[in-house]
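Here is a friendly note to read with the model open beside you. Take the points one at a time, and find each residue on screen as you go.

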Amino acid sequence: MELETFKIAVLPLREKLINFSLRMMQERADAEDIVQEALLKLWYIREKLDGYHSVEALAMQVTKNLTLDKLRARRPEGIDIDTLSIDSGARTPAEQLEQKDAAARIRWLISQLPTVQQTIIRMKDVEGYEIAEIAEITGSQVEAVRSNLSRARKRIREQFLQLNKQEQL
């Protein structure tokens, strides 16, 4: 794609991409930075853009991914999963060791989930986002977020119990 074609096909999408990113970011300056980065990425692959069915759809996807990356990088409000522990009062050293082991297994099980479920369970259960917020950030329907969260929790529960059962044998 030549410069003139790029100007005609991609640059007019700028305001639409900013509005799209702005719905998730809440700050225009951040949205503009993200769109600038998205346009740069598209410029670098301009030779391949003619091969895409819809350059607009590609631009929206690139913008969405960059926006989600920025949101993930911003998450100091949540508790880091590595520091997450269940405190039920005084515990013996053996109980503390068992609890650490269980937390490590759960972290590992979460890392084995499909990417979407992994993201959703971390956002909900670790970072404390509401389901509606997760839906808005990921661009999904609220029902889809609930369904993925339910499946992720069920899978972790089943696999955790299975690991414990195997260990007892």
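1. Let us begin with a term. A crossing of two helices is called left-handed if the near helix is turned anticlockwise from the far one by less than a right angle, and right-handed if it is turned clockwise. Keep this in mind as you look at H6 and H7, whose crossing is right-handed. Please also remember that you are looking at a predicted model.

2. Now the overall picture. The chain has eight helices and zero strands, so read in order from the N terminus, its elements run α-α-α-α-α-α-α-α. Of the 169 residues in the chain, 31% are buried. Among contacts with a separation of 6 or more, 65% are between residues 24 or more positions apart.

3. Which residues have the most contacts inside the largest nonpolar core? They are Val10, Leu17, Leu42, Leu49 and Ile121, in a core of 39 residues. The elements that give two or more residues to this core are helix H2 (14-25), helix H3 (28-44), helix H4 (55-73), H5, helix H6 (115-126), helix H7 (131-138) and H8. H4 gives the most, with eight residues.

4. Ile121 deserves a visit of its own. You will find Ile121 in helix H6. Is Ile121 buried or exposed? Its relative accessible area is 4%, and buried means under 20%, so Ile121 counts as buried. Setting aside residues up to four places away in sequence, Ile121 touches Ile110, Leu113, Val126, Leu149, Ala152, Arg153 and Ile156. You can also try a distance here: the C-alpha atoms of Ile121 and Arg146 are 10.0 Å apart in space, while the two residues are 25 apart in sequence.

5. Next, some helix pairs. Two packed helices are described by the angle between their axes and the distance between the axes. For H6 and H8, the axes come within 9 Å and cross at roughly 95°. H6 and H8 are therefore roughly perpendicular to each other, because angles of 65 to 115 degrees are given that name.

6. Who makes the contact between H6 and H8? From H6 come Val116, Gln117, Ile120, Ile121, Lys124 and Asp125, and from H8 come Val145, Asn148, Leu149, Arg151, Ala152, Arg153 and Ile156. By class, these residues divide into seven nonpolar, two polar and four charged. Ile121, the buried residue of point 4, is thus part of this contact on the H6 side.

7. Back to the pair from point 1. The axes of H6 and H7 come within 10 Å and cross at roughly 140°. Ile120, Met123 and Lys124 of H6 make the contact with Ile131, Ile134, Ile137 and Thr138 of H7. The classes here are five nonpolar, one polar and one charged. Notice that Ile120 and Lys124 appear here and also in the contact of H6 with H8.

8. H8 also meets H5. The axes of helix H5 (residues 93-111) and helix H8 (residues 142-168) come within 10 Å and cross at roughly 130°. H5 and H8 are therefore oblique to each other, and H5 passes H8 in a right-handed crossing. On the H5 side the contact is made by Asp101, Ala102, Arg105, Ile106, Leu109 and Ile110, and on the H8 side by Ile156, Gln159, Phe160, Leu163, Asn164 and Glu167. This contact has seven nonpolar, two polar and three charged residues.

9. Look more closely at Arg105, which sits in helix H5. Arg105 is a charged residue by class, yet it is buried, with a relative accessible area of 15%. Beyond its neighbours within four places in sequence, Arg105 is in contact with Phe160, Leu163, Asn164 and Glu167. These four residues also belong to the H8 side of the contact with H5.

10. Finally, a residue with another setting: Gln36 in helix H3. Gln36 is partly exposed, with a relative accessible area of 42%. Between the C-alpha atoms of Gln36 and Thr63 there are 9.3 Å, and along the chain the two residues are 27 apart.

Conventions:
Residues numbered from 1 in each chain as written. Predicted model: local features only at pLDDT ≥ 70, side-chain atom pairs only at ≥ 80, totals over all residues. Heavy atoms only, no water. Axes fitted to C-alpha atoms, helices over the stretch in contact; angles between N-to-C directions. Parallel < 35°, antiparallel > 145°, perpendicular 65-115°, else oblique. Contact = heavy atoms within 4.5 Å. Core = buried A, V, L, I, M, F, W, Y, C linked by side-chain atoms within 4.5 Å. Buried < 20%, exposed > 50% of the residue type's maximum accessible area, 1.4 Å probe, protein only.
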